[in-house]
Amino acid sequence: MATYYSEEHEWITVEGDVATLGITQHAADQLGEVVFVEQREAGEEFEKGGEIGVIESVKAASEIYAPLDGEVVEVNETLADNPGALNESPEGDAWIYKIKISDASQLEDLMDLDGYKALIG
């Protein structure tokens, strides 16, 4: 199991050809209190860089961008009833999607934890 990070402050943990995607603690801190999460449906396909959802906080709305090509296989339904979970456990229970990876070579474009820590300073 390996975890990668995007410049859009998302984390992605890969197990085989399925990955769990969420936002980082840094992103959650920047957003402030999350009040709504708009999510795609299971079965929807997307391309790297495409918008795959929106997180709304009391401060602003922020798009979620796909860090790689894939298909949504599971949506974290908890976030519909409790969007604030993203503030409490963004890198744990409050994941956003489980996705089937279409092109594993795209993981090479993402950062490891050290690279992400350097990005956020």
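This passage walks through the main sheet of the predicted model and a nonpolar patch on its surface.

The sheet is open and built from six strands, which follow the order 1-2-3-9-8-5 with antiparallel pairing. Strand 1 (2-5) and strand 5 (45-46) take the edge positions; each has a single partner strand, so one side of each has no neighbour in the sheet. As a general reminder, the strands of a sheet pair through backbone hydrogen bonds, in either a parallel or an antiparallel sense. At the strand 5 edge, two bridges link strand 5 to strand 8 (residues 70-75) in the antiparallel sense, and Phe 46 has Gly 70 of strand 8 as its bridge partner.

Strand 3 (residues 18-23) is a helpful place to look next. Five of its six residues are buried, so strand 3 is largely enclosed by the rest of the structure. On one hand, strand 3 runs antiparallel to strand 2 (residues 10-15), with six bridges joining the two; here Ile 12 lies opposite Leu 21 of strand 3. The hairpin formed by strand 2 and strand 3 has two residues between the strands, and Gly 16 in this hairpin adopts a positive phi near 65 degrees. Strand 3 is also joined to strand 9 (residues 97-101), again antiparallel, by four bridges, and Thr 20 faces Lys 98 of strand 9.

Turning to the surface, Val 35, Phe 36 and Val 58 make a nonpolar patch of about 270 Å². Val 58 sits in the loop between strand 6 (51-57) and strand 7 (61-65). With a relative accessible area of 57%, Val 58 counts as exposed, because the cut-off for that class is over 50%.

Technical notes: Residues numbered from 1 in each chain as written. Predicted model: local features only at pLDDT ≥ 70, side-chain atom pairs only at ≥ 80, totals over all residues. Heavy atoms only, no water. Pairing = 2+ DSSP bridges. Patch = residues over 30% accessible without salt bridge, like charges linked within 9 Å, V, L, I, M, F, W, Y side chains within 5 Å. Areas by Shrake-Rupley, 256 points an atom, 1.4 Å probe, with all protein chains shown as cover. Salt bridge = Lys/Arg side-chain N within 4 Å of Asp/Glu carboxyl O. Buried < 20%, exposed > 50% of the residue type's maximum accessible area, 1.4 Å probe, protein only.
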